[in-house]
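The exercises below are meant to be worked with the coordinates open beside the text. Each opens with a task and is followed by a solution in steps.

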Amino acid sequence: MISLQKYLKQSATYKVFSHFMLLFSDFLDTVGKIAQIGYHVLKCILRGEIDKKELITQCDRFGVSSLPITLSIVGMTSIIVASQVAHEMVKQGGSGFVGLLMTILIVREVGAIMSGFAITSMIGSSLASELATMRVTEQVDAIDVLGVDSIRYLFVPRVLSGMIMMPFVVIVASVVGVLLGAVTSDLFAGLTYRAYFDSAWLGLYMKDLGVCLLKAMTFGATISLISCTCGYFASGGAKGVGIATTKAVVWSFIAIVVWDMVFAILFFF
Amino acid sequence: MSIEVKNLIKTFDERTVINDISFKVNDGEILAIVGFSGSGKSTVLKLICGLIPYDSGEVLTSNGDIAMVFQYSALFDSLNVADNISFALKERKDLRKKYTPEQIKKIVSEKLELVGLKGIENKFPSELSGGMQKRVSFARAIVTNPDIILYDEPTAGLDPMSSTLIEDYIVSLKRELNAASIVVTHQMSTITRTADRVIMLYDGKIVFEGTPTELLKQDTPYTKQFVTASLEGPMQMQA
């Protein structure tokens with residue numbers, strides 16, 4: 001006769017529940033690691049323990065090499081939104097608000113969030129796989145055995161470069177987005193550039209720019225921190241590198257959306 | 001005494017990998033840790049150099065540096081040979097401001113000469129053969145003149161001639177630095193050519209302790225099985 005314990009273990013409910021508990025414990029474990037490393041990185045930054053040469057290399061990687069793909073994604077998103085909105089608004093007599101709507105949308109949301117997604121896909125995944133490869137090939141262990149703080153050496157320039165370069169990327173991407181919005185509105189709805197830009201500045205305040213920059217800094221630091229942490233704790237060879245990279249991208253995407261929600265509630269609610 | 005391990009225990013996921021082992025290694029002595037794969041040899045090295053924490057017991061080491069030569073060299077592939085070797089001198093808190101760039105360059109050149117690889121400072125690890133990578137990792141390990149050197153399977157995957165060369169370097173480094181060294185290996189030539197003493201691990205425990213000559217005598221069922229590489233005997237390979 002099958003025992004109650006054995007029966008329960010075979011049941012679908014038990015399997016779903018135990019899988020959920022495993023995911024939850026992994027979630028808590030990862031959050032703990034990110035918080036612990038984030039604190040260590042912050043201490044190093046405040047103490048001024050920054051490798052300037054490596055910081056410049058990472059800034060180039062984070063900001064400059066990622067710019068084409070980020071501009072493409074933000075630009076295309078702006079074209080899509082403008083092509084949907086401009087025509088309808090002009091038809092409904094709201095041509096005086098197309099520029100305003102596009103600018104608010106891009107500066108407050110699209111610029112930062114789409115850049116965040118682009119950077120995560122390109123830089124976050126690369127950071128995670130780089131550190132994961134270093135971990136599984138014992139390079140991280142070698143750093144520790146040589147008496148060097150591996151978190152300071154690997155994390156500080158990468159996280160700091162994210163904080164510094166992300167606002168730059170978001171500003172450039174937002175400008176491109178607003179400009180492409182104007183071009184699209186002209187092509188799709190016959191809205192003049194003058195009409196577009198006359199209203200573009202109406203709804204834009206210094207607060208919007210400030211929040212946009214703060215959000216970009218937070219996104220940059222978050223993407224780097226999460227991606228590096230996922231890579232740093234990778235294990236198990238090539239498969240482990242793949243798992244760490246996927247985890248870094250998924251976690252960064254979720255973190256960006258969560259941060260965006262927090263910013264929306266804090267500043268625009 | 002340079003390394004003393006006392007009643008060391010390490011468990012991974014309810015499996016005791018190191019089960020109450022104790023041993024000593026003196027200055028200028030090479031201890032070989034042997035055993036079949038999965039017997040916990042590399043774990044002992046990682047416990048000694050602090051890469052993983054132990055559950056109980058003690059690891060006492062002299063105050064100087066501990067260096068480790070990794071099984072697959074673990075060279076930093078984004079840095080050239082010179083930067084790999086000088087990594088600790090440039091990045092370690094207590095050494096960062098101690099040396100000028102000229103002094104670092106001289107030290108790198110000296111260490112490379114010591115392992116017989118003069119003039120490859122600007123090459124990247126991917127441009128070197130396995131044996132050369134291993135020798136560069138030796139040079140990187142000894143850059144701070146450590147008191148303790150740990151070798152994790154230093155001759156694994158190398159051809160017989162490269163293995164002999166590496167074994168000679170292990171012995172010459174011992175003489176040069178008077179360091180206490182531990183060599184994890186299962187290669188007989190490495191044991192006989194380098195070690196002063198040998199311990200054999202099985203199932204996380206020490207099952208033999210003696211000299212390489214005593215190991216080769218095959219006086220115990222463990223040594224007999226190890227030396228003859230037999231599947232019959234007290235040591236069972238894990239499935």
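**Exercise 1. A pair of strands in chain B**

How many bridges join strand E8 (residues 197–202) of chain B to strand E9 (residues 205–210) of chain B, and do the two run parallel or antiparallel?

Solution. Before counting, note that this is a predicted model, in which local features need pLDDT of at least 70 and side-chain atom pairs count only at pLDDT 80 or more, while totals for chains, interfaces and linings use all residues. Residues are numbered from 1 along each chain as its sequence is written, and chains are lettered from A and ligands numbered from 1 in the order in which they are written.

Step 1. Helices (H or I, at least four residues) and strands (E, at least two) are DSSP runs, numbered from the N terminus, and two strands pair if DSSP finds at least two bridges between them. E8(B) and E9(B) are joined by five bridges and run antiparallel.

Step 2. Within this pairing, B:Ile199 has B:Glu209 of E9(B) standing opposite.

Step 3. The two strands form a hairpin with two residues between them, and B:Asp203 in the turn has a positive phi of about 55°.

**Exercise 2. The three-stranded sheet and its helix**

Determine the strand order of the open sheet of three strands in chain B, and then place helix H1 of chain B relative to it.

Solution. Step 1. The order is E2-E1-E4, with antiparallel pairing. Strand E2 (15–25) and strand E4 (56–61) of chain B are at the edges with a single partner strand each, so one side of each has no neighbour in the sheet. From one strand to the next, the twist averages 20°.

Step 2. H1(B) packs on this sheet and touches E1, E2 and E4 of chain B, where contact means C-beta atoms, placed from the backbone, within 7 Å; its direction makes about 115° with that of E1(B).

Step 3. Strand E1 (residues 3–12) of chain B is joined to E4(B) by five bridges in an antiparallel arrangement, and one of the pairs sets B:Val5 against B:Val59.

Step 4. A residue is buried if 20 or more other C-beta atoms lie within 10 Å of its own, exposed if 12 or fewer, and partly exposed in between. In helix H1 (residues 41–48) of chain B, six of the eight residues are buried, namely B:Lys41, B:Thr43, B:Val44, B:Leu45, B:Leu47 and B:Ile48. After H1(B) comes B:Gly50, with a positive phi near 85°.

**Exercise 3. Two helix crossings in chain A**

Describe how H2 meets H9, and how H3 meets H7, in chain A.

Solution. Step 1. Axes are lines fitted to C-alpha atoms, for helices over the stretch in contact, and angles run from 0 to 180 degrees between N-to-C directions. The axes of helix H2 (residues 12–46) and helix H9 (residues 206–232) of chain A come within 10 Å and cross at roughly 115°. On the H2(A) side the contact is made by A:Lys33, A:Ile34, A:Ile37, A:Gly38 and A:Val41, and on the H9(A) side by A:Leu225, A:Ile226 and A:Thr229.

Step 2. With Ala, Val, Leu, Ile, Met, Phe, Trp, Tyr, Cys and Pro counted as nonpolar, Asp, Glu, Lys and Arg as charged, and the others, Gly among them, as polar, this contact has five nonpolar, two polar and one charged residues.

Step 3. Helix H3 (residues 52–64) and helix H7 (residues 150–189) of chain A have axes that come within 8 Å and cross at roughly 45°. The residues that meet include A:Leu55 and A:Phe62 of H3(A) and A:Leu160 and A:Phe168 of H7(A). By class, the contact of H3(A) with H7(A) divides into nine nonpolar, four polar and two charged residues.

**Exercise 4. Chain A as a whole, and its contact with chain B**

Summarise the make-up of chain A, and then count the residues in contact between the chains.

Solution. Step 1. Chain A has 10 helices and zero strands, and its C-alpha trace spans about 70 × 60 × 30 Å along the principal axes. Of its 269 residues, 41% are buried.

Step 2. A:Asp29, found in helix H2 of chain A, counts as exposed because it has 11 C-beta neighbours inside 10 Å.

Step 3. Between the chains, 14 residues of chain B are in contact with 11 residues of chain A. Strand E5 (66–69) and helix H3 (87–91) of chain B each supply at least two residues of the side of chain B that touches chain A, and the residues of that side divide into 11 nonpolar, no polar and three charged.

Conventions. Contact = placed C-beta atoms within 7 Å.
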